[in-house]
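Colleague: I have a chain here that I would like to walk through with you before I set anything up. Could you take me through the strands, the helix packing and the odd backbone spots?

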Amino acid sequence: MNFILKAATILDPSSPFHNQTVDIFIKEGVISDIDALLKPKEGIEEIELDTLHVSQGWFDSSVSFGEPGYEERETISNGLATAAKSGYTSIALHPNTLPITDTGASVGFLKGKSLNNPVSVYPIGALTHASEGTDLAELYDMKKAGAIAFGDYKKSITNPNLLKIALLYAQNFDGLVVSFPQNNDIAGKGMVHEEKQSTLLGLRGIPALAEELQIARDIFLLEYTGGKLHIPTISTAKSVQLMREAKAKGLQISCSVSVHHLILTDKELSEFDTNYKVLPPLRTQKDIDAINVGIEDGTIDMITSDHQPIDIEHKKIEFDNATYGTIGLESAFGILNTILPTEKVIEMLTKGKAIFGIESVPIAIGNKAELSLFTPKGMATFSEKHILSTSKNSAFIGQKTKGQSYGIIANKQLYIK
C-alpha cells in the first residue's frame, strides 16, 4: 500500500501539520513523508480528491450489527464496509447478538471475523450473563479476549447492588462499565418522550425522569465504589447537568450522545414513522440546546451514531410493535457538519478513543497511517441511495447534509468508496 495523498488539509491539533494543506506519502501503512508538494514517485499512485481533508481515524462507541444470529439485519462484513465508507477506522461493537456476547469465546469470534479489515473492531462484552441483568458475565475472560468495556445494550441494570459489584470487580483489571440510563419502573410501557406531543398522538410516554433518576443512582454508586463508568446516549437537559456535576467531583465518568438526539425532536413522530422510534426517545428542543452546551463545555465526551440496523419485518409495522433503533453510520458526519464546526465534529468523533483505551495516532512522519478522508464541502439531501447497510431503517432520510466521507486508511489498507 504505497501512494501519495495530494493536497490534503490536515485537521489534527496534535499534528505539527495541523491546518496545513500538504501531500502525504504513505508507504507500507506508515506516513513516510509530508510536504507542501511532494515530487511524483515512479510506480507510486497519486490520489486526488476534491477539497480533501484528513484527520485521525474516527471512532464510534456505539455500533450494532447482527451477526451472529441476526444476519438479516447486518453481517459483520457488510457492517464493516459501511463503517469504512462512513469514515470510521474503529468501532465498539455491542453484544446484542444471538447468542449474546458474554464469554471470551464470543468476543474472540467477533475479533476473528474482523481480521484483515481496515476497520478495527473492539467488542463490548455483556455486563451480565445473556444480558438478563441477574448475574455478572465473565468480565475478565472477555477482557483478555479483547473486550474494551462491559454493558447490556439498551438494557438497564435494575439491581443497584449488581452494578456496585461490577464497578468494584472491574477495577481489578481497569475495566470500563457501561450503564444504560433508564429506570424501567418509571419508564413503564412508554415508547416516546412524555410531553405534549405524546399526549396529542396518544402514545405512551417515557418521562425524562426515567433517565435522570437512573443516572443519579449510578453516580451515587460510582462515588461509593470508585472505578470507571460510561453512560451512553444521554438525551435530557437534566442528564447533562448531572454529568457536569459528577465530573466536577472528579469521578471517572464519561458519556456520549447520539447524532439523532442532536438534531431530531419528538415532533418528528407526528406521522408515526417507526424510524423515529429510538431509545432513549427523541426529546425536545430544550434538551437539544442543553446537549449542545454540554458538547461545547466538554461535559459530553463523544458523539455516536448509535447505529442499530433493524430488518423491515420488525420496523415497518405498527408503531407499538416496532423495534427501537435507527442506523446512523452513513449519515453521521454529514449531519453533524451541518450543526457543528467541522473541527468540533472531528474532535467529537475522535476523543472517545482515550476513554475506551484505544490508541490515538497523531498525523506525523513515522507514525502509522490511521486516517479518515473527507470533505467538509458540498450540500446534499440524505436518501436511501446513500445507505450501504443491509437494513434501511434511517431516521435521517430527507435531512440536509454538508460534506461527505471519502473513506479511510487504516491497518495498511486504503478504502475509498
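Modeller: What follows is a short tour of strand pairing, helix contacts, a salt bridge and some backbone details, all taken from a predicted model.

Colleague: Let's start with the strands, then. In what sense does S1 pair with S5, parallel or antiparallel?

Modeller: Strand S1, residues 2–11, and strand S5, residues 53–56, pair in the parallel sense over 3 bridges, and within that pairing Ile10 stands opposite Val54 of S5.

Colleague: And which way does S5 run against S16?

Modeller: S5 pairs with strand S16, residues 371–381, in the antiparallel sense over 4 bridges, and the bridge partner of His53 in S16 is Phe374.

Colleague: Following S16 onward, how many bridges does it make with S17?

Modeller: S16 and S17 are joined by 8 bridges and pair in the antiparallel sense, with Ser372 having Ile408 as its bridge partner in S17.

Colleague: What does S17 do with S18?

Modeller: S17, residues 400–410, and S18, residues 413–416, pair in the antiparallel sense over 4 bridges, and they form a hairpin with 2 residues between them. Ala410 stands opposite Gln413 in S18, while Asn411, which sits in the turn, has a positive phi of about 50°.

Colleague: Where else should I look for a positive phi at a residue that is not a glycine?

Modeller: Glu28 has a positive phi of about 50° although it is not a glycine, and Glu28 lies in the loop between strand S2, residues 21–27, and strand S3, residues 30–35.

Colleague: While we are on the backbone, which peptide bonds into proline are cis?

Modeller: The bond from Glu67 to Pro68 is cis, with omega near 0°, and the bond from Leu279 to Pro280 is cis as well, with omega near -5°. Pro68 lies in the loop between strand S6, residues 58–63, and helix H1, residues 76–85, whereas Pro280 is found in the loop between helix H9, residues 260–263, and H10.

Colleague: H10 brings me to the helices. At what angle do H8 and H10 cross?

Modeller: The axes of helix H8, residues 237–248, and helix H10, residues 285–296, cross at roughly 25° and come within 8 Å. Because angles under 35 degrees count as roughly parallel, H8 is roughly parallel to H10. The contact is made by Ala237, Val240 and Arg244 from H8, together with Lys286, Asp287, Ala290, Ile291, Val293 and Gly294 from H10, and by class these residues divide into 5 nonpolar, 1 polar and 3 charged.

Colleague: What about H4 and H7, how do they pack?

Modeller: H4 and helix H7, residues 208–225, pack at an angle of about 40° with their axes 10 Å apart, and they are therefore oblique to each other. H4 passes H7 in a right-handed crossing. On the H4 side the contact is made by Pro160, Leu163, Lys164, Leu167 and Leu168, and on the H7 side by Arg217, Asp218, Leu221, Leu222, Tyr224 and Thr225. The class division there is 7 nonpolar, 1 polar and 3 charged.

Colleague: Is there another helix pair, and which residues does the contact of H12 with H13 use?

Modeller: Helix H12, residues 329–339, packs against helix H13, residues 342–350, at an angle of about 135°, with axes 8 Å apart, and the two helices are therefore oblique to each other. H12 passes H13 in a right-handed crossing. Phe333, Leu336 and Asn337 of H12 meet Thr342, Val345, Ile346 and Leu349 of H13.

Colleague: How many charged residues does the contact of H12 with H13 have?

Modeller: The contact of H12 with H13 has no charged residues, and by class it holds 5 nonpolar and 2 polar ones.

Colleague: Then on to electrostatics: how many salt bridges does the structure hold?

Modeller: There are 16 salt bridges in the structure. One of them joins the side chains of Lys228 and Asp174, at 3.3 Å from N to O. This pair links distant parts of the chain, 54 residues apart, with Lys228 in strand S13, residues 228–231, and Asp174 in the loop between helix H4, residues 160–170, and strand S10, residues 176–178.

Technical notes: Residues are numbered from 1 along each chain as its sequence is written. This is a predicted model: local features need pLDDT of at least 70, side-chain atom pairs count only at pLDDT 80 or more; totals for chains, interfaces and linings use all residues. Side-chain values use heavy atoms; hydrogens and water are left out. Two strands pair if DSSP finds at least two bridges between them. Axes are lines fitted to C-alpha atoms, for helices over the stretch in contact, and angles run from 0 to 180 degrees between N-to-C directions. Angles under 35 degrees count as roughly parallel, over 145 as roughly antiparallel, 65 to 115 as roughly perpendicular and the rest as oblique. A crossing is left-handed if the near helix is turned anticlockwise from the far one by less than a right angle, and right-handed if clockwise. Contact means heavy atoms within 4.5 Å. Ala, Val, Leu, Ile, Met, Phe, Trp, Tyr, Cys and Pro count as nonpolar, Asp, Glu, Lys and Arg as charged, and the others, Gly among them, as polar. A salt bridge is a side-chain nitrogen of Lys or Arg within 4 Å of a carboxyl oxygen of Asp or Glu.
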